[in-house]
Amino acid sequence: MGGKCPCRKVKKRRYSHKTARRSKFLLKGDDAVYEELQQKPGGEMKEATLPLDDDLPGMGQYYCLHCDRYFANVSVRDEHFKTKRHKKRVKQMMGPAPHTQLDADLAAGMGAPDSGLKLMSM
């Protein structure tokens with residue numbers, strides 16, 4: 001009795017499970033969250049305004065707009081508001097706008113061609 005575990009890839013399975021769980025609730029990009037925050041200056045959403053959704057944790061009622069995460073209940077969401085990760089995210093979203101795909105395309109030289117001055121047609 002004893003020895004090595006017959007299933008040695010337990011750690012690998014554990015990590016892949018976490019990755020699959022994270023991808024179940026797809027998160028929005030930084031630029032999409034930033035745009036939503038610009039439209040809603042309050043930042044915090046009230047529970048009554050959110051629609052019920054059976055697929056989301058807590059029926060989709062407990063949501064952090066800055067981090068784009070849903071929570072199971074109020075106490076978990078309030079604990080999340082106190083974390084370093086949330087505070088860092090709020091500070092990041094209050095700063096300048098994050099880069100978008102258009103910025104990346106322009107930096108790579110894949111933007112619209114510059115044909116020079118546009119002449120008036122008569």
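# A guided tour, stop by stop

Among contacts in the protein between residues at least 6 apart in sequence, 42% join residues at least 24 apart. Keep in mind as you go round that this is a predicted model.

**The whole chain.** Start with everything selected and coloured by secondary structure. You should find five helices and two strands, and from the N terminus on they follow the order α-α-β-β-α-α-α. Of the 122 residues, 17% count as buried. Switch on the surface if you like: the protein exposes about 10,400 Å², with carbon and sulfur atoms supplying 58% of that area.

**Residues 64-86.** Now select this span. An unreviewed UniProt entry annotates it as "domain: C2H2-type". The C-alpha atoms at its two ends lie 9 Å apart, and the span is 48% helix and 17% strand.

**Helix 4.** Next, select residues 84-94 and show the side chains. Which residues of helix 4 are buried? They are H86, R89 and M93. These three cover an arc of only 60 degrees around the axis, so they sit on the same side of helix 4. The spacing fits a general rule: an α-helix has 3.6 residues a turn, so residues three or four places apart point the same way. Rotate to the face turned away from the buried side, and you meet the exposed residues K84, K87, K88, K91 and M94. To see what covers the buried residues, add helix 2 (30-39), strand 1 (62-64) and helix 3 (74-81), which are included in that cover.

**The nonpolar core.** Keep M93 on screen and add V33, Y34, L37, L50, Y63 and L65; together these seven residues make up the largest nonpolar core. Helix 2 gives the largest share of this core, three residues. As background, nonpolar side chains tend to be buried together in soluble globular proteins.

**Salt bridges.** There are four salt bridges by count, and three of them are worth a visit here.

- Select D30 and R89, whose side chains meet in a salt bridge at 2.8 Å, N to O. This pair links distant parts of the chain, since D30 is in helix 2 and R89 in helix 4, 59 residues apart. D30 is partly exposed, with a relative accessible area of 29%, whereas R89 is buried, at 16%.
- Select K28 and E36, which form a salt bridge with their closest N and O atoms 2.2 Å apart. K28 is partly exposed, and its relative accessible area is 34%.
- Select E79 and K82, where the side chains meet in a salt bridge at 3.7 Å, N to O. E79 is partly exposed at 47% relative accessibility, while K82, at 56%, counts as exposed.

**Two backbone stops.** Finish in the loops. In the loop between helix 2 and strand 1, select M59. M59 has a positive phi of about 55 degrees although it is not a glycine. Is the residue M59 buried or partly exposed? M59 is partly exposed, with a relative accessible area of 34%.

Then move to the loop between strand 1 and strand 2 (69-71) and select D68. Phi of D68 is also positive, near 55 degrees, in a residue other than glycine. D68 counts as buried, at 7% relative accessibility, because the cut-off for buried is under 20% relative accessible area.

Key
Residues numbered from 1 in each chain as written. Predicted model: local features only at pLDDT ≥ 70, side-chain atom pairs only at ≥ 80, totals over all residues. Heavy atoms only, no water. UniProt positions renumbered as here; feature names shortened; annotations may be inferred. Helix = DSSP H or I, 4+ residues; strand = E, 2+ residues; numbered from the N terminus. Buried < 20%, exposed > 50% of the residue type's maximum accessible area, 1.4 Å probe, protein only. Arc of directions from axis to C-beta. Contact = heavy atoms within 4.5 Å. Core = buried A, V, L, I, M, F, W, Y, C linked by side-chain atoms within 4.5 Å. Areas by Shrake-Rupley, 256 points an atom, 1.4 Å probe, with all protein chains shown as cover.
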